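Reader: I've got a model open and want to learn how to read its strands. Could you walk me through it?

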Amino acid sequence: STSTTLDGNTALVGSGIWTVIAGSGTFTLNSDPQTAVSGLSTGINTFRWTISNGTCSDSFDEVSITVDETPTTATAGSDQTICSTSATLDGNTASIGTGIWTVVAGSGTFTLNSDPQTSVSGLTTGINTFRWTISNGTCTDSFDEVSITVDENPTTATAGSDQTICSTSATLDGNSALIGSGIWTVIAGSGTFTLNSDPQTAISGLSTGINTFRWTISNGSCTDSFDEVSITVDDNPLTPNAGSDQSVCSSTTALNATAATGGIWTVTSGSGTFADANLATTSVSGLSTGLNVFRWTIDGGSCADVFDEVSITVDENPTTSNAGSDQTICSTTASLDGNTATVGTGVWTLISGSGTFSLNSNPQTSVSGLSTGINTFRWTISNGVCAASSDDVSIIVQAPPVAPFAGLDQTICA
């Protein structure tokens with residue numbers, strides 16, 4: 001303060017007076033031992049109380065009034081939010097007085113508590129409050145407080161295992177955030193989350209191929225923790241085409257399916273050995289007589305495999321045809337003598353001359369209406385696509401002799 005009240009003793013003998021010895025001051029009444037004094041200067045102000053009485057030596061005593069200056073206004077710096085157990089404080093330098101740091105809440109150990117920019121360690125998670133107080137003598141302290149909020153490192157993120165699916169939707173499997181909060185984001189591909197803050201959210205609208213999603217757990221000022229998961233969506237394979245059914249007269253043929261990655265031939269029925277079962281166009285040997293079925297399957301990955309089948313019918317060579325022996329007759333009707341077909345079916349056809357078969361599929365059929373001369377008939381045995389076997393027989397019809405005339409009877413004398 002720049003004013004105070006002095007406290008000299010009352011003169012029982014003589015009279016007293018106040019004088020300024022050092023510093024400054026203005027007395028309200030300098031003869032009043034308890035006078036007020038104002039206009040004090042900062043620092044030491046010395047006043048003398050002198051009691052005098054006639055010729056006697058004066059009696060005096062001095063008192064010092066030290067005026068302290070108001071301390072610098074304290075500023076503790078801006079509040080901080082950090083992810084560490086140590087920080088640096090930022091109080092202002094005291095131009096008047098001296099400063100000191102104290103812990104108000106939380107915890108902390110100062111490197112030098114009188115340093116306005118001291119470092120502090122041992123901070124606890126949450127709010128730690130520190131007070132920067134500047135003091136100067138008897139003056140009222142000036143102080144300011146700063147809060148350092150320590151965030152805890154977030155839970156380590158785990159996005160779950162990669163998936164390979166045959167669908168445009170899936171369920172993610174991130175871990176729950178015990179510290180902090182999590183959120184899903186799309187890194188590559190596409191996808192729409194049902195709730196992107198749910199670690200096990202459903203996701204739809206996936207694109208074919210690789211879709212990558214990031215599960216990020218954040219907590220305040222701490223470095224985010226994240227992990228990524230890939231969901232590979234397999235496209236349904238092409239519609240397979242194993243080629244056209246075949247009828248052959250061989251134990252070997254060529255297969256001709258539509259080309260596709262991951263295709264393979266297998267035997268469904270019958271028999272066969274593939275030159276290369278992984279080639280869409282390949283040869284197959286060792287076919288059995290009759291129906292052989294082969295399947296061309298395209299691997300669908302996580303999707304269901306798709307396939308198509310082709311039938312290869314192997315026909316057996318027909319029985320060798322034998323039309324029988326040639327005949328020479330004197331009739332317009334005869335019986336043919338072809339062999340019976342054990343493989344395939346036979347039929348008679350007219351090659352030359354004339355003739356009408358009773359039943360042309362009967363190897364021993366009768367034939368009528370033969371013409372005089374040579375009549376040629378063919379016995380053909382056929383089986384599927386195999387080459388037919390045929391043999392010809394000739395039936396020669398001789399003309400009947402002319403009716404004989406031996407001449408007229410004669411009666412002679414000779």
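Author: Sure, we'll go through some strand pairings and then one residue. Keep in mind that this is a predicted model.

Reader: What's the general idea behind strands pairing?

Author: Strands of a sheet pair through backbone hydrogen bonds, and the pairing is either parallel or antiparallel. Here, one open sheet has 4 strands in the order 7-13-12-9, with mixed pairing. Its edges are strand 7 (80-82) and strand 9 (98-105), each pairing on one side only. On average, neighbouring strands in this sheet are turned by 25° against each other, direction ignored.

Reader: In which sense do strand 7 and strand 13 pair?

Author: Parallel, over 3 bridges, with strand 13 covering residues 142-150. Look for Gln80: the residue opposite, in strand 13, is Ile148.

Reader: How many bridges join strand 33 to strand 34?

Author: There are 9, and those two strands run antiparallel. One pair to click on is Trp379 with its bridge partner Asp391 in strand 34. The two strands make a hairpin with 6 residues between them, and Gly384 in the turn has a positive phi of about 55°. Strand 34 (residues 389-397) also pairs with strand 28 (residues 327-329), in the parallel sense over 3 bridges. There, Gln327 has Ile395 as its bridge partner.

Reader: Now a single residue: is Thr50 buried or exposed?

Author: The cut-off for buried is under 20% relative accessible area. Thr50 has 11%, so it counts as buried. This residue sits in strand 5 (residues 43-52). Leaving aside neighbours within four places in sequence, Thr50 is in contact with Ser15, Gly16, Ile17, Asp58, Ser59 and Phe60.

Technical notes:
Residues are numbered from 1 along each chain as its sequence is written. This is a predicted model: local features need pLDDT of at least 70, side-chain atom pairs count only at pLDDT 80 or more; totals for chains, interfaces and linings use all residues. Side-chain values use heavy atoms; hydrogens and water are left out. Two strands pair if DSSP finds at least two bridges between them. Axes are lines fitted to C-alpha atoms, for helices over the stretch in contact, and angles run from 0 to 180 degrees between N-to-C directions. Buried means under 20% relative accessible area, exposed over 50%, partly exposed in between (1.4 Å probe, protein chains only). Contact means heavy atoms within 4.5 Å.
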